[in-house]
Amino acid sequence: MTSDIPTINHCKNNNMYKLKELYKQWCGEEPHDIEKIKGAGSNRIYFRLTDANGKSVIGVIGTSRDENHAFISLAKHFKLRQLPVPDVLMVSDDEIRYLQTDLGNRSLFDAISGGRESGGRYNKEEQLLLRRTIRELPNMQIRGARGLDWSACYPQPDFNMDSVMFDFNYFKYCFLKATDIDFHEMKLEANFRLMAKDLTAEEQDAFLYRDFQARNIMLDHDGNPHFIDFQGGRRGPVYYDLASFLWQASAKYPQALRNELIDEYYDSLKNYTEVPPKQHFMQRLYLFVLFRTMQVLGAYGFRGYFERKKHFIDSIPPAMQNLRELLAKGVASAYPYLESILRTLTELPQFAPTPLKSVSRTDGFKTTDKNIYESKPQDGPATFSKYDGKGPLVVKVFSFSYKKGIPEDTSGNGGGYVFDCRSTHNPGRYEPYKKITGLDEPVIRFLEDDGEILNFLDNVYQLADHHVERYIQRGFTSLMFSFGCTGGQHRSVYSAQHLAEHIHEKYGVEVRICHREQGIEQTLNPK
């Protein structure tokens with residue numbers, strides 16, 4: 001280092017200047033190029049500093065010395081444990097700025113964007129990246145905890161009652177109160193404390209990453225995960241990070257994929273520590289999923305409603321859907337008052353799923369919906385029959401090849417809608433798609449990029465919605481939709497699958513899917 005370099009303390013109000021000086025102290029010359037990197041929810045600012053030969057490092061400017069100190073200390077410890085984290089190259093005297101190795105531009109979040117943007121249809125490559133990541137998590141949690149000085153953690157070293165209650169209050173004040181729900185503070189507090197006691201009942205010397213999500217995982221050229229932004233970590237149970245990752249609201253992981261990733265994690269965890277029986281593990285995991293869901297709703301409320309950040313506002317609806325599913329599983333049943341408040345929350349108009357439309361006509365025909373499975377003689381003889389009120393409705397959706405005939409209806413009702421998909425662009429004409437189906441990501445993207453199938457389905461949805469609503473109101477038990485194309489492989493399979501998922505998501509009824517020519521059957525259970 002040369003003596004004429006200005007010291008970092010000379011320019012207190014110019015962090016960028018000080019970061020360049022820090023780089024110069026480390027490298028011996030100023031950076032050739034500086035690029036600001038887009039951040040997410042963090043208050044830290046990141047820059048890519050590049051020399052004349054194109055070699056780059058990441059420069060970080062933080063607002064909290066304690067938070068920076070936590071990251072720097074943890075990163076150095078994890079490097080000693082040979083964990084996949086960035087090297088800290090140089091730190092300013094006040095620990096407000098530091099340099100770290102550049103792990104590249106490709107995050108797991110970006111790498112799996114296709115599956116996320118297609119509503120949770122992750123292809124094989126994306127699923128492989130998720131499996132690699134989830135199998136590496138126990139390594140970080142268990143090996144990373146060995147020999148770690150927990151006093152370096154910020155803002156506290158342990159996951160305990162205080163930290164749990166902080167997150168509960170975050171949810172209460174930043175989300176729940178913003179909805180204007182009337183609730184009893186003391187009753188809710190009592191249930192918070194009871195749940196906090198259960199969450200902290202099992203002590204575990206593992207590293208709780210706390211913000212383990214796809215945005216904080218960088219991928220190298222071979223697709224191996226590297227971890228960043230772990231400065232909020234502390235000693236705690238392993239369940240939190242798994243819940244945080246798999247129930248990330250915007251990820252839209254289907255439950256089947258979640259289950260597979262849970263199994264991957266559970267098997268990997270066995271390589272590092274003793275594991276509890278699977279049933280106990282799952283019970284504990286779902287408790288942490290509920291806790292994590294409430295915690296992120298608090299964050300979405302603060303970042304979205306108060307700071308007006310669109311990303312967080314957009315994340316609220318899928319988080320509320322996660323909450324509905326947890327309540328349906330009875331995860332909150334041990335905390336009755338909290339459960340009642342959460343149910344009320346999910347039923348608010350701004351959060352509720354699209355409700356069934358009641359039918360009303362000016363000619364005197366009308367229906368009542370107090371009990372949708374109760375026969376309504378007052379609807380008139382034209383709409384009342386012996387089949388009314390039997391419910392619940394089961395919808396069957398088929399894909400088929402016209403060459404092999406329309407699917408047979410086994411209910412005895414004569415069948416329902418049959419839609420001809422052959423007017424839309426056929427992926428089967430092209431070699432890359434001939435051996436795959438409308439369930440595979442390349443075909444899905446082909447059809448959706450082309451757009452014809454989407455216009456086709458918009459009209460189908462309107463017909464189907466009206467029919468499903470009317471059948472539910474009357475308590476009918478069976479409704480059938482069939483989609484045909486040339487080979488029963490691409491367009492019909494895509495259309496049948498999407499209509500089935502649309503009906504199940506919107507109305508919560510049981511939907512049975514049969515891709516006849518592919519030999520694939522699936523049941524979407526009633527919600």
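**Exercise 1. Lay out the five-stranded sheet of this predicted model: what is the order of the strands, and which strands are at the edges?**

Step 1. The five strands form an open sheet with mixed pairing, in the order β11-β12-β10-β13-β14.

Step 2. The edge strands are β11 (417-420) and β14 (520-524), each of which pairs on one side only.

Step 3. From one strand to the next, the twist averages 15°.

Step 4. In general, strands of a sheet pair through backbone hydrogen bonds, either parallel or antiparallel. For β10 (residues 394-401) and β12 (residues 478-485), the pairing is in the parallel sense and covers eight bridges. Within β12, Phe481 is the bridge partner of Val397.

**Exercise 2. Place helices α14 and α15 on the strands: which strands does each lie across, and at what angle does each run to β12?**

Step 1. Helix α14 lies across β11 and β12. Its direction is at about 165° to β12.

Step 2. Helix α15 lies across β10, β12, β13 (510-515) and β14. The angle between α15 and β12 is about 155°.

**Exercise 3. Take two residues of helix α15, His498 and Ala500. Is each buried or exposed, and what does each contact beyond its neighbours within four places in sequence?**

Step 1. Buried means under 20% relative accessible area. His498 has 10% relative accessibility, so it counts as buried. Ala500 is also buried, because its relative accessible area is 0%.

Step 2. Apart from neighbours within four places in sequence, His498 is in contact with Arg121, Glu448, Leu457 and Tyr461.

Step 3. With the same neighbours left aside, Ala500 is in contact with Val397, Val511, Ile513 and Leu524. Val397 is the residue whose bridge partner in β12 is Phe481.

Step 4. The C-alpha atoms of Ala500 and Arg512 are separated by 7.8 Å, and these residues are 12 residues apart along the chain.

**Exercise 4. Describe helix α13: which of its residues are buried, and which helices do they pack against?**

Step 1. Helix α13 covers residues 441-450, and its buried residues are Glu441, Val443, Ile444, Phe446 and Leu447.

Step 2. An α-helix has 3.6 residues a turn, so residues three or four places apart point the same way.

Step 3. The buried residues of α13 pack against α4 (113-117), α14 (452-474) and α15 (491-507).

Step 4. After α13 comes Gly451, with a positive phi near 95°.

**Exercise 5. Describe the largest cavity: what is its volume, and which residues line it?**

Step 1. The structure holds two cavities of 30 Å³ or more. The largest has a volume of about 90 Å³.

Step 2. Among the residues lining the largest cavity are Phe109, Arg116, Tyr122, Gln213, Phe245 and Tyr253.

Step 3. Sorted by class, this lining has seven nonpolar, three polar and two charged residues.

**Exercise 6. Examine the backbone at Pro155, Asp180 and Lys252: what is the omega of the peptide bond before Pro155, and what is the phi of Asp180 and of Lys252?**

Step 1. Most residues other than glycine have a negative phi, and most peptide bonds are trans.

Step 2. The bond from Tyr154 to Pro155 is cis, with omega near 5°. Pro155 is in the loop between α5 (124-143) and α6 (161-176).

Step 3. Asp180 has a positive phi, near 65°. Asp180 is in the loop between α6 and α7 (185-199), and counts as exposed at 69% relative accessibility.

Step 4. Lys252 has a positive phi of about 60°. Lys252 is in the loop between α8 (239-246) and α9 (255-269), and is partly exposed, with a relative accessible area of 44%.

Conventions
Residues numbered from 1 in each chain as written. Predicted model: local features only at pLDDT ≥ 70, side-chain atom pairs only at ≥ 80, totals over all residues. Heavy atoms only, no water. Buried < 20%, exposed > 50% of the residue type's maximum accessible area, 1.4 Å probe, protein only. Helix = DSSP H or I, 4+ residues; strand = E, 2+ residues; numbered from the N terminus. Contact = heavy atoms within 4.5 Å. Pairing = 2+ DSSP bridges. Axes fitted to C-alpha atoms, helices over the stretch in contact; angles between N-to-C directions. 1 Å grid on protein atoms, 1.4 Å probe; cavity = no way out; pocket = protein on both sides within 12 Å on 5 of 7 lines; lining within 4 Å. Points joined across faces, edges and corners; volume = space filled by probe spheres on them. Nonpolar A, V, L, I, M, F, W, Y, C, P; charged D, E, K, R; others polar.
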